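This briefing is meant for a reader who is meeting the structure here. It begins with one residue and then moves through the topics in turn.

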Amino acid sequence: MSVTVYGAWQPGVTFALGELDPNFGNNPAVLTTVAGHLALVVPADTTILRDVWDVRRIDVSVSAAQPVTAAPGSLVVDNGSRTATLSAQQLASLPQQSQQVAFSAGGAPETHTEAGPTLRDVLSAAGLWPLSTTSVTAVGSDGYAAAVTPAEATLGGRPLLISLREDGQPLAQPRLITKGDIKGGRYVSNTVVLDVATKPLF
């Protein structure tokens, strides 16, 4: 699930509910009043670019994305009107980043070093350029899905990675990594689909 918050005069901003959930992303967005107007503030963000002043509307969206059969190591990126398949070789050719992540899984702490392209670079390679109102649902081969927003990384400072290697070992299938989450519920192993949705800016 995702929510898009619109102000009176600024473009909307989309949030994945999993990011805001204290049990997963634990990055709360707070509705408050500023100078007599309703405002949305994201206190832990590294910038104020996802704060929305004079909130007028909040839209809720639910993704119905489903897994597909994909070639080993590849990703299908679909925005409803355009579908692109990135092969394992294409993903490996993108700029790679390394991130150390720590989270709780099944009540036990886990720490890993993940390496791969950023979500934004993967979307760009598929010919898609996300906006502040874009959400991405990653779907695993088993049907497990979780939503993120590119704005978490670009505006909020919370890295999103499509990992191809974990602890130095190649993964058979890419894995969505949501650095900063306290639980691993939005880490999607064996990711086969990135379902991209963009709400209107205004």
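**Starting point: L31**

L31 counts as partly exposed, because its relative accessibility is 45%, a value that falls between the limits of under 20% for buried and over 50% for exposed. The model is a predicted one, and L31 belongs to its strand β3, which covers residues 30-34. The points below start from this strand and the surface, and then turn to the nonpolar cores, the salt bridges and a buried glycine.

**The hairpin and the surface patch**

- Strand β3 pairs with strand β4 (residues 37-41) in the antiparallel sense, and five bridges join the two.
- Within this pairing, V30 stands opposite V41 of β4.
- The two strands β3 and β4 make a hairpin with two residues between them, and A35, which sits in the turn, has a positive phi of about 50°.
- L31 is also one of the residues of a nonpolar patch on the surface, together with M1, L17, L38, I58, V60 and V62, and the accessible area of the patch adds up to about 630 Å².

**The nonpolar cores**

- The largest nonpolar core consists of 22 residues, and those with the most contacts inside this core are V77, L119, V122 and L194.
- Two or more residues of this core come from each of the elements β6 (75-78), β7 (83-86), α3 (119-125), β10 (134-140), β11 (145-148), β12 (160-166) and β14 (191-198).
- Leaving aside residues up to four places away in sequence, V77 touches R82, T83, A84, L86, V122, L123, A126, L128, L194 and V196.
- A second core, separate from the largest one, has nine residues, and V3, F15, L20 and V52 are among them.

**Salt bridges**

- Side chains of opposite charge can pair when their charged atoms come close.
- The structure holds 11 salt bridges, and three of the pairs are described in the points that follow.
- R56 and D54 form one salt bridge, in which the closest N and O atoms are 3.0 Å apart; R56 counts as exposed because its relative accessibility is 58%, whereas D54, at 14%, counts as buried.
- R175 and E114 form another salt bridge, with 3.3 Å between the closest N and O atoms; this pair links distant parts of the chain, since R175 lies in strand β13 (residues 169-178) and E114 in strand β9 (residues 108-116), 61 residues apart.
- Both R175 and E114 are buried.
- E152 and R186 meet through their side chains in a salt bridge of 3.0 Å from N to O; E152 lies in helix α4 (residues 150-154) and R186 in the loop between β13 and β14, so this pair ties together parts that are 34 residues apart in sequence.
- E152 is buried because its relative accessible area is 1%, and R186 counts as buried because its relative accessibility is 3%.
- Salt bridges with shared partners join E152 and R186 with E19, D45, R50, R158 and D181 into one network.

**A buried glycine**

- G156 is found in the loop between α4 and β12, and this glycine counts as buried because its relative accessibility is 3%.
- When residues up to four places away in sequence are not counted, G156 touches D45, T46, R50 and A151, and of these D45 and R50 also belong to the salt-bridge network.
- The C-alpha atom of G156 is separated by 19 Å from that of I58, the two residues being 98 residues apart along the chain; I58 belongs to the nonpolar surface patch.

Notes. Residues are numbered from 1 along each chain as its sequence is written. This is a predicted model: local features need pLDDT of at least 70, side-chain atom pairs count only at pLDDT 80 or more; totals for chains, interfaces and linings use all residues. Side-chain values use heavy atoms; hydrogens and water are left out. A nonpolar core is a set of buried Ala, Val, Leu, Ile, Met, Phe, Trp, Tyr and Cys residues joined through side-chain atoms within 4.5 Å. Buried means under 20% relative accessible area, exposed over 50%, partly exposed in between (1.4 Å probe, protein chains only). Helices (H or I, at least four residues) and strands (E, at least two) are DSSP runs, numbered from the N terminus. Contact means heavy atoms within 4.5 Å. Patches are made of residues with over 30% relative accessible area and no salt bridge: like charges are joined within 9 Å, nonpolar side chains (Val, Leu, Ile, Met, Phe, Trp, Tyr) within 5 Å. Accessible areas come from the Shrake-Rupley method with a 1.4 Å probe; for residues, only the protein chains shown count as cover. A salt bridge is a side-chain nitrogen of Lys or Arg within 4 Å of a carboxyl oxygen of Asp or Glu. Two strands pair if DSSP finds at least two bridges between them.
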